[in-house]
2 protein chains.
Amino acid sequence: MTIRSEEIETGAHAGVSCRNCALKPLCLPGQLPAPEARALESAVERGRQLGPGMALVRAGTAMDALLVVRSGSAKRFSLTLEGTEQVHGFVLPGEAVGLEGFATGRYGCEVNALEPLSYCRVPMHKLEQLLEQLPGLRREMLRLLGQALEEAQRLRGELAETDARGRVARFLADLSERLARRGFPPYDFRLSMSRADIARHLGLTLETVSRAFGTFKREGWLRVRARDISVLRPDALAALAGVPHCA
Amino acid sequence: MTIRSEEIETGAHAGVSCRNCALKPLCLPGQLPAPEARALESAVERGRQLGPGMALVRAGTAMDALLVVRSGSAKRFSLTLEGTEQVHGFVLPGEAVGLEGFATGRYGCEVNALEPLSYCRVPMHKLEQLLEQLPGLRREMLRLLGQALEEAQRLRGELAETDARGRVARFLADLSERLARRGFPPYDFRLSMSRADIARHLGLTLETVSRAFGTFKREGWLRVRARDISVLRPDALAALAGVPHCA
DNA sequence: GTCAGTTCTTGATCAAGATCAAATTGCAGG
DNA sequence: CCTGCAATTTGATCTTGATCAAGAACTGAC
């Protein structure tokens with residue numbers, strides 16, 4: 001997707017300004033009353049920039065902070081016993097990472113940058129303090145986790161229900177929608193992940209994913225040039241994906 | 001599974017005694033320091049008994065309480081546009097229900113009893129009060145949600161990776177393990193759900209599920225008589241399921 | 001630009017599981 | 001016990017997507 005949402009960031013050092021962040025409405029402080037947002041902001045640190053392929057979190061390491069991607073995209077995956085990657089999904093700006101770590105205090109899967117990536121972090125000890133004081137943040141954290149859970153269940157259900165092309169269509173439709181919510185052009189983007197990553201995410205082979213793209217192209221629903229995608233008929237994709245009426 | 005874990009419950013009316021509950025170690029108060037457990041207990045109400053097929057929660061209704069199944073089992077599912085059921089999973093005693101409701105304040109899926117079922121409930125307004133006061137409960141709620149998330153992601157990953165018999169094997173292995181943790185015989189149980197429910201949960205057809213049972217029976221790994229299951233070779237099932245070394 | 005390496009596309013074959021269709025078993029009610 | 005209905009098993013066939021195998025296109029380095 002090649003995502004750059006680096007807003008102009010001047011004057012802030014350790015404490016980051018959420019106020020001016022383009023992602024604010026999607027991110028944690030977006031739903032909080034102003035005083036709570038300010039309190040949270042003072043606990044937010046800026047993570048260092050990561051290059052493509054670098055690990056944002058490693059499975060099994062202590063969950064020492066809540067992380068939110070600020071710009072770029074990432075791949076969430078686990079390593080199976082056979083050494084293959086089980087791709088859980090892809091992370092876009094404004095999305096939290098490693099929430100399943102709350103289960104054990106250690107991250108449950110790997111998250112690797114797919115392109116240059118920056119992120120914010122709230123150290124756990126500060127988060128716990130804030131949770132004591134801020135009722136809105138408590139509600140917001142539960143909402144965030146509930147949302148992640150709902151999403152994971154939805155993805156599981158879709159995988160069980162849908163055939164190959166339906167899965168690819170839904171993948172694209174979902175990506176479109178998430179890009180749109182972040183203010184990116186929803187029908188014209190560059191995929192940051194490989195066909196193999198998409199395939200492993202959707203429980204398919206990369207050949208089948210490629211063929212699905214080929215079909216959509218032939219039908220005139222898509223323009224595909226390697227990783228550059230133009231969605232010409234979002235309605236057709238949505239229909240195949242079985243989505244009710246999400247644009 | 002035909003689950004009866006009705007411990008002897010005398011004297012308690014609205015407030016339920018978690019102290020003597022057989023499920024305590026699996027349930028919310030199990031991880032809490034004693035004073036917090038007592039505070040939580042005072043907020044717990046007993047839900048009325050439900051008969052087979054009755055709804056414990058309906059998708060879209062307001063999430064007015066946190067629910068935990070006390071005895072019996074239930075099916076979590078969504079209704080698709082075509083009117084079919086998308087089965088997300090099955091709920092056993094000690095497991096919370098409807099956590100994805102935190103996302104929107106409304107339950108995200110249907111939960112129906114599969115056999116006579118009883119449950120406990122913590123009204124949301126009381127839960128919010130308690131979360132303000134009890135740091136252990138705050139941590140525990142995050143843990144609970146993190147666990148549910150991890151579980152959902154695991155299920156999604158398995159679905160993407162495993163073939164039909166592997167999925168059925170894993171389903172049985174998982175059930176075994178969960179029954180064991182609740183003190184039920186893990187290798188001898190009665191399924192409370194139909195083949196069709198299992199199939200819809202695993203993204204298969206009921207015929208394929210039936211054939212998988214047939215294969216396992218022929219291999220001598222299982223004894224199957226309708227819904228009565230005896231696991232004779234848990235190791236073989238676990239191996240097929242790709243589980244490392246979980247007994 | 002050219003080159004090497006990777007990623008992606010396309011084609012041919014094959015197998016796992018879906019689908020269609022009975023037959024069988026189990027179970028509640030009379 | 002018998003009856004009727006629903007759930008399950010079993011069988012035959014067909015379709016989808018996996019697998020194997022080339023090619024083609026893209027990428028980054030020189």
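Visitor: How many residues of chain A are in contact with chain B, and how many of chain B with chain A?
Guide: Keep in mind that this is a predicted model. Contact here is a matter of heavy atoms within 4.5 Å. Counted that way, the two sides come to 42 residues of chain A and 41 residues of chain B.

Visitor: Which three residues of chain A supply more of the area it buries against chain B than any other three?
Guide: Chains A and B bury about 3600 Å² between them, with carbon and sulfur atoms giving 61% of that. On chain A's part, 20% comes from one trio: Leu142(A), Leu149(A) and Arg156(A).

Visitor: What is the N to O distance in the salt bridge of Arg138(B) and Glu132(A)?
Guide: The count between chain A and chain B is 4 salt bridges. A pair qualifies if a side-chain nitrogen of Lys or Arg sits within 4 Å of a carboxyl oxygen of Asp or Glu. Arg138(B) and Glu132(A) make the cut, N to O, at 3.8 Å.

Visitor: Which element gives the most to the side of chain A that touches chain B?
Guide: Strand E5, helix H2, helix H3 and helix H5 of chain A each put in at least two residues. The top contributor, with 20 residues, is H3(A).

Visitor: Over at DNA strand D, which part of the strand does the side chain of Arg195(B) reach, a base nitrogen or a phosphate oxygen?
Guide: Glu207(A) has a side-chain N or O atom 3.0 Å from a base nitrogen of DNA strand D. For Arg195(B), a side-chain N or O atom is 2.8 Å from a phosphate oxygen.

Methods:
Residues numbered from 1 in each chain as written. Chains lettered and ligands numbered in written order. Predicted model: local features only at pLDDT ≥ 70, side-chain atom pairs only at ≥ 80, totals over all residues. Heavy atoms only, no water. Buried area = accessible area lost by both parts, 1.4 Å probe. Helix = DSSP H or I, 4+ residues; strand = E, 2+ residues; numbered from the N terminus. Polar contact = N/O pair within 3.5 Å; in protein donor to acceptor, adjacent residues only side chain to side chain.
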